Amino acid sequence: MTNTLNSLSPETQAYLHKGLLKRVMHTLVLNRFIDMPSSVPQGTGTKSIKWSRYDSLPLALAPLGDGTAPAGMQMTRTDITATLEQLGGIVEITDQVEDFHQHPVLKEARDQLAQMVAETKEYRAFAIMKAGTNVMYGGTGTDRATVNGPITRALLYRAQRALADAKAKTISKIIKASTSVSTEPVAEAYFCFGHTDLYADLRAITGFVDVEQYSDSDRRLPMEVGKILNFRFILSPMFTPWLAAATSSSGSTYLTNGTTG
């Protein structure tokens, strides 16, 4: 839809303050932690992008015989492939809007588009992350529909054991929030991301340490609320929860759109 001078009619009924009210904008955090390519080189003939890693070799546990060479080991590689998608939007503005409107509409449109791009990338990144298949469920739940309890210390211990068994490394450095390619140190931890509705459940867990109690406040990250064991929690309203997906012990809805019940 094109924005015309009629659709963005100039203010005529009251004194116009020169400044515009500030728009509410989300704090973006995931770009510090993930590798999200924005494009592939032009002319490659494909929209796919692939990451590869070579797997660890098996342990050499058998003693070698004198003068006998060991058998050759087969190297294996794991490939992860993704298909790029093109997302975007435009704001159409006529020349008369730019020429006659009291507000700097063109500049505001540029700012809104830049905000939309950043927040879209954040939203899409979290949607992909939460679609993972390595899952643990609260309460006695065995799938998303039967979750009947919040996050607990025992559940975090289970997750910690699973991560350790999978050789998952804690994060000790993150990317700076700038165009710089260098990193900055943080306390070693697994980082957890969730919706701001989780805050009350986290604070109820024994051993929760609020960010204000960190020994080094400089290591607090944007939107970080605290830590439990070696898990650090970053909550954002952009990290959308699974809605209406679980039940309480009485069978009623456990979490649905922020309503009671």
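This report describes the fold, the nonpolar cores and the aromatic contacts of a predicted model.

## Overall make-up

The protein chain has four helices and nine strands. Read from the N terminus, these elements follow the order β-β-β-β-α-α-α-β-β-α-β-β-β.

Of the 261 residues in the protein chain, 20% are buried. Among contacts with a separation of 6 or more, 60% are between residues 24 or more positions apart. The accessible surface of the protein chain is about 18,800 Å², and carbon and sulfur atoms account for 55% of that surface.

## Helix H3

Helix H3 covers residues 153-165, which is 13 residues. From its first C-alpha to its last, H3 spans 18 Å, close to the 18 Å expected at 1.5 Å a residue. Lys167, just after H3, has a positive phi of about 60°.

## Nonpolar cores

The largest nonpolar core holds twelve residues, including Val29, Leu30, Ala125, Ile174, Leu221 and Met238. Phe126, Phe191 and Phe239 also belong to this core. H2 and S6 are the elements that give two or more residues to the core. The biggest share comes from S6, with three residues.

Another core lies apart from this one and has eleven residues. Tyr190, Ile205, Phe208 and Phe231 are among them.

## Aromatic pairs

A pair of aromatic rings is described by the distance of the centres and the angle of the planes. The model has six aromatic pairs. In one of them, Phe33 and Phe193 meet edge-to-face, with 5.1 Å from centre to centre and 75° between the planes. Phe33 is in the loop between strand S1 (2-3) and strand S2 (48-54), and Phe193 is in strand S6 (residues 183-194), so this pair ties together parts that are 160 residues apart in sequence.

Phe126 and Phe239 form a stacked pair, because their ring centres are 4.6 Å apart and their planes are at 20°, under the 30 degrees that counts as stacked. This pair too links distant parts of the chain: Phe126 is in helix H2 (residues 105-129) and Phe239 is in the segment after strand S9 (231-235), 113 residues apart. Phe126 and Phe239 are both buried. One aromatic cluster is formed by Phe33, Phe126, Phe191, Phe193 and Phe239.

## Charges over Trp242

The ring of Trp242 has the charged end of Lys130 over it, 4.5 Å from the ring centre. Arg144 also lies over the face of Trp242, at 3.9 Å from the ring centre.

Definitions and conventions: Residues numbered from 1 in each chain as written. Predicted model: local features only at pLDDT ≥ 70, side-chain atom pairs only at ≥ 80, totals over all residues. Heavy atoms only, no water. Phe/Tyr/Trp six-rings, centres within 6.5 Å; stacked < 30°, edge-to-face > 60°. Buried < 20%, exposed > 50% of the residue type's maximum accessible area, 1.4 Å probe, protein only. Lys NZ or Arg CZ within 6 Å of the ring centre and 35° of its normal. Core = buried A, V, L, I, M, F, W, Y, C linked by side-chain atoms within 4.5 Å. Expected span 1.5 Å × (residues − 1). Contact = heavy atoms within 4.5 Å. Areas by Shrake-Rupley, 256 points an atom, 1.4 Å probe, with all protein chains shown as cover.
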